[in-house]
Amino acid sequence: MENEKRIVLTGFMGVGKSSVARHLAYLLRCEQVDLDDYIVEQEKQEIACILKTVGEAQFRRIETENLRKLLQANNVPILSLGGGTWTIAENRRIIKKHDFTSVWLESNFEHCWQNIKFSKKERPLAKNKLQARCLFDEREKFYCLADWHFIIKPGFTSFDTAKLIAEEVFCKI
Ligand code: S3P
(Lines give C-alpha, C1' and ligand atoms only; values in the text may rest on other atoms or scores of the structure.)
Protein backbone atom coordinates (compact mmCIF):
# COMPACT_ATOMS: atom_id res chain seq x y z
CA MET A 1 0.00 0.00 0.00
CA GLU A 2 1.47 3.38 -1.02
CA ASN A 3 -0.40 5.23 1.69
CA GLU A 4 1.54 5.44 4.93
CA LYS A 5 -1.59 5.81 7.01
CA ARG A 6 -2.33 3.06 9.53
CA ILE A 7 -5.69 2.65 11.18
CA VAL A 8 -7.34 0.85 14.05
CA LEU A 9 -11.03 0.08 13.91
CA THR A 10 -12.89 0.34 17.18
CA GLY A 11 -16.53 0.13 18.20
CA PHE A 12 -18.92 -2.03 20.15
CA MET A 13 -19.17 -5.82 19.84
CA GLY A 14 -21.21 -6.82 16.83
CA VAL A 15 -20.74 -3.57 14.93
CA GLY A 16 -18.69 -5.31 12.24
CA LYS A 17 -15.09 -4.21 12.88
CA SER A 18 -13.50 -7.44 11.61
CA SER A 19 -15.57 -7.59 8.40
CA VAL A 20 -14.97 -3.93 7.63
CA ALA A 21 -11.23 -4.48 8.19
CA ARG A 22 -11.22 -7.41 5.75
CA HIS A 23 -13.06 -5.43 3.05
CA LEU A 24 -10.83 -2.43 3.59
CA ALA A 25 -7.70 -4.56 3.23
CA TYR A 26 -9.11 -5.93 -0.01
CA LEU A 27 -9.91 -2.45 -1.35
CA LEU A 28 -6.52 -1.03 -0.39
CA ARG A 29 -4.64 -4.22 -1.28
CA CYS A 30 -2.89 -4.46 2.04
CA GLU A 31 -2.64 -6.66 5.11
CA GLN A 32 -4.97 -6.53 8.07
CA VAL A 33 -4.87 -8.14 11.50
CA ASP A 34 -7.64 -8.77 13.97
CA LEU A 35 -6.39 -8.34 17.55
CA ASP A 36 -8.62 -11.10 18.93
CA ASP A 37 -7.29 -13.54 16.29
CA TYR A 38 -3.74 -12.53 17.15
CA ILE A 39 -4.38 -13.14 20.87
CA VAL A 40 -5.89 -16.56 20.15
CA GLU A 41 -2.83 -17.46 18.08
CA GLN A 42 -0.36 -16.24 20.71
CA GLU A 43 -2.15 -17.57 23.80
CA LYS A 44 -3.35 -20.75 22.06
CA GLN A 45 -6.75 -20.30 23.65
CA GLU A 46 -10.07 -18.87 22.52
CA ILE A 47 -10.94 -15.37 23.81
CA ALA A 48 -14.09 -16.62 25.54
CA CYS A 49 -12.08 -19.32 27.27
CA ILE A 50 -9.45 -16.81 28.50
CA LEU A 51 -12.19 -14.51 29.78
CA LYS A 52 -13.99 -17.32 31.58
CA THR A 53 -10.81 -18.79 33.06
CA VAL A 54 -8.92 -15.73 34.27
CA GLY A 55 -11.61 -13.01 34.37
CA GLU A 56 -11.87 -9.67 32.63
CA ALA A 57 -9.11 -7.79 34.51
CA GLN A 58 -6.49 -10.40 33.60
CA PHE A 59 -7.84 -10.66 30.05
CA ARG A 60 -7.26 -6.89 29.68
CA ARG A 61 -3.64 -7.33 30.75
CA ILE A 62 -3.19 -10.12 28.21
CA GLU A 63 -4.86 -7.96 25.56
CA THR A 64 -2.55 -4.99 26.28
CA GLU A 65 0.54 -7.21 26.24
CA ASN A 66 -0.46 -8.65 22.88
CA LEU A 67 -1.34 -5.26 21.43
CA ARG A 68 2.11 -4.01 22.40
CA LYS A 69 3.82 -7.11 21.02
CA LEU A 70 1.85 -6.96 17.76
CA LEU A 71 2.56 -3.29 17.11
CA GLN A 72 6.24 -3.64 17.94
CA ALA A 73 6.74 -6.63 15.69
CA ASN A 74 4.42 -5.90 12.83
CA ASN A 75 3.94 -3.06 10.40
CA VAL A 76 0.29 -3.90 9.83
CA PRO A 77 -1.66 -0.98 8.32
CA ILE A 78 -5.17 -2.09 9.35
CA LEU A 79 -5.97 -3.46 12.78
CA SER A 80 -9.42 -4.37 14.08
CA LEU A 81 -9.60 -4.20 17.87
CA GLY A 82 -11.79 -6.06 20.33
CA GLY A 83 -14.75 -4.01 21.55
CA GLY A 84 -13.08 -3.26 24.89
CA THR A 85 -9.51 -2.56 23.69
CA TRP A 86 -9.96 1.14 23.00
CA THR A 87 -11.61 1.76 26.38
CA ILE A 88 -8.26 1.18 28.15
CA ALA A 89 -6.11 4.34 28.40
CA GLU A 90 -2.83 2.41 28.09
CA ASN A 91 -4.03 0.80 24.85
CA ARG A 92 -4.98 4.18 23.39
CA ARG A 93 -1.51 5.44 24.33
CA ILE A 94 0.23 2.49 22.63
CA ILE A 95 -1.93 2.92 19.51
CA LYS A 96 -1.15 6.65 19.30
CA LYS A 97 2.54 6.07 19.92
CA HIS A 98 2.58 3.89 16.83
CA ASP A 99 0.93 6.66 14.80
CA PHE A 100 -2.35 4.94 14.12
CA THR A 101 -5.43 6.87 13.11
CA SER A 102 -8.41 5.60 15.09
CA VAL A 103 -11.78 4.98 13.48
CA TRP A 104 -14.96 4.41 15.48
CA LEU A 105 -17.64 2.37 13.79
CA GLU A 106 -20.72 3.71 15.47
CA SER A 107 -24.11 2.06 15.39
CA ASN A 108 -27.20 1.85 17.52
CA PHE A 109 -27.46 -0.74 20.27
CA GLU A 110 -30.18 -2.85 18.61
CA HIS A 111 -28.08 -3.35 15.49
CA CYS A 112 -25.09 -4.52 17.57
CA TRP A 113 -27.28 -6.71 19.76
CA GLN A 114 -28.87 -8.49 16.79
CA ASN A 115 -25.40 -9.29 15.46
CA ILE A 116 -24.18 -10.43 18.89
CA LYS A 117 -27.24 -12.65 19.31
CA PHE A 118 -26.91 -14.39 15.96
CA SER A 119 -23.11 -14.52 15.80
CA LYS A 120 -21.09 -17.71 16.21
CA LYS A 121 -18.52 -15.79 18.28
CA GLU A 122 -18.98 -16.36 21.99
CA ARG A 123 -18.98 -13.09 23.97
CA PRO A 124 -18.92 -13.71 27.73
CA LEU A 125 -19.18 -9.96 28.46
CA ALA A 126 -22.48 -9.71 26.58
CA LYS A 127 -24.32 -12.77 27.84
CA ASN A 128 -27.67 -10.99 27.88
CA LYS A 129 -29.22 -7.85 26.50
CA LEU A 130 -29.11 -5.88 29.75
CA GLN A 131 -25.43 -6.61 30.33
CA ALA A 132 -24.64 -5.64 26.73
CA ARG A 133 -26.73 -2.45 26.97
CA CYS A 134 -24.90 -1.30 30.13
CA LEU A 135 -21.51 -1.84 28.51
CA PHE A 136 -22.70 -0.07 25.36
CA ASP A 137 -23.71 3.01 27.36
CA GLU A 138 -20.55 3.02 29.49
CA ARG A 139 -18.24 2.83 26.51
CA GLU A 140 -19.57 5.59 24.30
CA LYS A 141 -17.41 8.21 26.02
CA PHE A 142 -14.28 6.25 25.11
CA TYR A 143 -15.24 5.51 21.52
CA CYS A 144 -15.91 9.26 21.12
CA LEU A 145 -12.17 9.82 21.59
CA ALA A 146 -11.41 8.20 18.21
CA ASP A 147 -10.15 10.45 15.40
CA TRP A 148 -12.89 9.47 12.93
CA HIS A 149 -16.51 8.49 13.51
CA PHE A 150 -18.43 6.52 10.90
CA ILE A 151 -22.10 5.95 11.51
CA ILE A 152 -23.32 2.59 10.25
CA LYS A 153 -26.66 3.49 8.72
CA PRO A 154 -29.47 0.92 8.39
CA GLY A 155 -28.95 -1.13 5.24
CA PHE A 156 -25.24 -0.29 5.08
CA THR A 157 -23.09 -3.35 4.43
CA SER A 158 -19.56 -3.83 5.78
CA PHE A 159 -18.34 -3.35 2.23
CA ASP A 160 -20.17 0.02 1.98
CA THR A 161 -18.51 1.14 5.20
CA ALA A 162 -15.09 -0.04 4.05
CA LYS A 163 -15.53 1.89 0.79
CA LEU A 164 -16.43 5.03 2.69
CA ILE A 165 -13.37 4.70 4.94
CA ALA A 166 -11.15 4.09 1.91
CA GLU A 167 -12.51 7.25 0.27
CA GLU A 168 -12.57 9.54 3.26
CA VAL A 169 -9.68 8.42 5.46
CA PHE A 170 -7.33 7.08 2.79
CA CYS A 171 -8.55 9.30 -0.08
CA LYS A 172 -8.62 6.20 -2.31
CA ILE A 173 -11.09 4.76 -4.88
C1 S3P B 1 -14.91 -7.71 24.00
C2 S3P B 1 -15.13 -7.82 22.65
C3 S3P B 1 -14.78 -9.01 21.88
C4 S3P B 1 -13.62 -9.74 22.55
C5 S3P B 1 -13.90 -10.01 23.99
C6 S3P B 1 -14.19 -8.76 24.79
C7 S3P B 1 -15.35 -6.48 24.71
O8 S3P B 1 -14.43 -8.64 20.55
O9 S3P B 1 -12.43 -8.98 22.46
O10 S3P B 1 -15.01 -10.87 24.05
O11 S3P B 1 -14.95 -6.26 25.84
O12 S3P B 1 -16.12 -5.71 24.08
P13 S3P B 1 -15.55 -8.12 19.48
O14 S3P B 1 -15.71 -6.65 19.70
O15 S3P B 1 -14.93 -8.43 18.16
O16 S3P B 1 -16.78 -8.88 19.74
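The following exchange asks how terms used for the pocket and ligand of this predicted model are justified.

Analyst: The model is predicted, with local features needing pLDDT of at least 70, side-chain atom pairs counting only at pLDDT 80 or more, and totals for chains, interfaces and linings using all residues. Residues are numbered from 1 along each chain as its sequence is written, and side-chain values use heavy atoms, without hydrogens and water.

User: What makes a space a pocket, and how much space lies in the largest pocket?

Analyst: On a 1 Å grid over the protein atoms alone, a pocket is an open set of points with protein on both sides within 12 Å along at least five of seven lines, whereas a cavity is a set where a 1.4 Å probe fits but cannot get out. The largest pocket holds about 760 Å³, a volume being the space filled by probe spheres set on points joined across faces, edges and corners. Lining residues have an atom within 4 Å of a point; of the 38 here, G14, S18, D36, K121 and R123 are closest to the centre.

User: Why is the ligand said to sit in the largest pocket?

Analyst: The ligand sits there because more than half of its atoms lie within 2 Å of the pocket's grid points.

User: Which side chains have an N or O atom paired with an oxygen atom of the ligand, and what makes such a pair a polar contact?

Analyst: A polar contact with the ligand is a pair of N or O atoms within 3.5 Å. The side chain of K121 pairs with a ligand oxygen at 2.8 Å and that of R139 at 2.6 Å, so both qualify as polar contacts. A backbone N or O atom of G84 also lies 3.2 Å from a ligand oxygen.

Note on methods:
Polar contact = N/O pair within 3.5 Å; in protein donor to acceptor, adjacent residues only side chain to side chain.
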